[in-house]
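Student: I'd like to go through this one by asking where each label comes from. Can you set the values against the cut-offs for me?

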Amino acid sequence: MSTEIYYFSGAGNSLHVARELQKRIPETRLIPIVSLLSKDIAKTNAETVGFVFPIHGMTLPVPVKKFIKKLEVSSAKYLFAIATRGGTIHNGFTIIDNILKKKGKGLDSYFSITVLSNDPKLEAWKCPTKEEVEEMGITIQTRVDGIQNIVQNNEVSRENDLDGVSISHNPFLNFMFEKIIHLAMKYLVEIKGVNNYFYADEKCIGCGTCEKVCLSKKIKLVGKKPVWQNNVKCYFCYACLNYCPRKAVQIKDKWYMKSHTQTKGRYPHPFATADEIAKQKMK
Ligand SMILES: Cc1cc2nc3c(=O)[nH]c(=O)nc-3n(C[C@H](O)[C@H](O)[C@H](O)COP(=O)(O)O)c2cc1C
Ligand code: SF4
Ligand code: SF4
């Protein structure tokens with residue numbers, strides 16, 4: 001039985017989970033979502049179809065949602081999703097399930113794996129220690145072992161998310177908050193294009209890594225300096241921020257959020273090189 005896993009990854013966590021699952025399930029193809037975003041139509045021929053992605057702003061990344069909407073899934077007999085996240089609750093699976101229902105399908109199983117966050121703009125964010133990274137590696141192995149059994153046996157596993165950190169104890173308030181965040185992310189990514197958001201400071205050496213890893217091709221090196229082009233959308237993957245070898249990429253302060261990137265380290269992206277992140281763009 002063939003399996004296809006569609007993945008999106010800005011710092012390698014989701015890529016690592018997707019690869020680990022691929023190793024455990026025979027005849028599994030890994031397909032980067034970014035490589036198919038510019039196509040009008042995308043079609044799977046697999047019987048088992050999975051989506052692996054990070055949580056952005058308590059929901060699924062805008063490009064992942066866009067992709068699942070256009071994916072033709074008539075061959076699929078079993079569909080699952082895995083979210084990697086820093087630790088909050090999210091509405092990603094409900095959104096995917098609703099999209100699939102319109103195609104006469106649904107998510108059979110879904111799983112949230114709490115890993116380490118790649119979002120150093122937050123005041124509470126701490127650069128992970130070697131021990132924390134090792135611990136995350138073990139957590140992923142254990143979770144993927146369990147997921148493999150469920151997926152290979154086509155079992156239904158739709159657990160309530162009891163581990164994720166929520167904003168409130170009131171489920172209705174959480175639901176409303178997720179909705180507002182989801183709309184805000186959509187507005188930022190789709191309408192504003194996340195412009196005027198990043199800059200490179202004086203530590204930049206013009207190495208071009210940010211341009212290489214940029215999943216949406218928003219960054220162009222002009223005169224050895226990165227330029228975030230206003231007419232290209234950003235996917236909020238933070239690859240530019242985390243892969244810059246000089247920690248020169250910064251997020252500007254906004255009226256709605258103070259950025260702490262100047263004083264923080266960066267996520268060490270232990271599972272994927274810059275080349276492996278960049279490869280997602282290849283057709
Ligand atoms: C812009 C952005 C927003 C994020 N928002 C959340 C969030 O709301 N909740 C959460 O648990 N993790 C959040 N994270 C952390 C990521 O979901 C987590 O680190 C994920 O494993 C990254 O996967 P990747 O390396 O495959 O991109 C966010 C990360 C980024 C870059
Ligand atoms: S990755 Fe960093 S150092 Fe290299 S060009 Fe981009 S901002 Fe400059
Ligand atoms: S500009 Fe940065 S955050 Fe936006 S898509 Fe490119 S690498 Fe990702």
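Student: Why does N154 count as partly exposed?

Tutor: Count its neighbours: N154 has 14 C-beta atoms around it inside 10 Å. A residue is buried if 20 or more other C-beta atoms lie within 10 Å of its own, exposed if 12 or fewer, and partly exposed in between, with C-beta atoms placed from the backbone. With 14, N154 therefore counts as partly exposed. Keep in mind that this is a predicted model, where local features need pLDDT of at least 70, side-chain atom pairs count only at pLDDT 80 or more, and totals for chains, interfaces and linings use all residues. As for labels, residues are numbered from 1 along each chain as its sequence is written, while chains are lettered from A and ligands numbered from 1 in the order in which they are written.

Student: Where is N154, and what is its phi?

Tutor: N154 sits in the loop between α4 (130-152) and β8. Its phi is positive, about 50 degrees, although N154 is not a glycine. Helices (H or I, at least four residues) and strands (E, at least two) are DSSP runs, numbered from the N terminus.

Student: How do you know whether F236 is buried or exposed?

Tutor: F236 has 20 other C-beta atoms within 10 Å, so it is buried. F236 also has a positive phi, about 65 degrees, without being a glycine. Its loop runs between β11 (225-228) and α7 (239-243).

Student: What makes β6 largely enclosed by the rest of the structure?

Tutor: Eight of its eight residues are buried, so β6 is largely enclosed. Y78, F80, I82 and T84 point one way from β6, L79, A81, A83 and R85 point the other way, and all are buried.

Student: How do you know which strands pair with β6?

Tutor: Two strands pair if DSSP finds at least two bridges between them. β4 (residues 48-54) pairs with β6 over seven bridges, in the parallel sense, and V52 has I82 of β6 as its bridge partner. β7 (residues 109-114) pairs with β6 over six bridges, also parallel, and there F80 is matched with S109 of β7. Both counts meet the cut-off.

Student: What makes β2 and β8 edge strands?

Tutor: Each pairs on one side only. The open sheet has six strands, in the order β2-β1-β4-β6-β7-β8, with parallel pairing. Its edges are β2 (28-32) and β8 (157-158). Further in, β1 (residues 3-7) runs parallel to β4 with five bridges between them, and Y6 has F51 of β4 as its partner.

Student: Why is the protein chain called as compact as a globular protein of its length?

Tutor: Start with the inventory: the protein chain has eight helices and twelve strands. Its radius of gyration is 18 Å, close to the 19 Å from the globule rule for 283 residues, so the comparison with a globular protein of that length holds. The radius is taken over C-alpha atoms, and the rule is 2.2 Å times the number of residues to the power 0.38. The C-alpha trace spans about 55 × 45 × 40 Å along its principal axes, and 43% of the 283 residues count as buried.

Student: How do you know that ligand 1 lies between the domains?

Tutor: Domain 1 (3-158) and domain 2 (193-281) both give residues to the shell around ligand 1, so ligand 1 lies between them. Those bounds come from an automatic or database domain assignment. A residue is near a molecule or strand if its C-beta atom, placed from the backbone, lies within 6 Å of it. By that test 24 residues surround ligand 1, and A11, S14, P54, R85 and G86 are the closest. α1 (13-24) and β6 (78-85) are the elements that give two or more residues to this shell.

Student: What makes up the shells around ligand 2 and ligand 3, by class?

Tutor: Ala, Val, Leu, Ile, Met, Phe, Trp, Tyr, Cys and Pro count as nonpolar, Asp, Glu, Lys and Arg as charged, and the others, Gly among them, as polar. On that basis the ligand 2 shell has nine nonpolar, three polar and one charged, with C204, C207, T209, C210 and C244 closest among its 13 residues. The ligand 3 shell has twelve nonpolar, two polar and one charged; of its 15 residues, C214, S216, C234, C237 and C240 come nearest.
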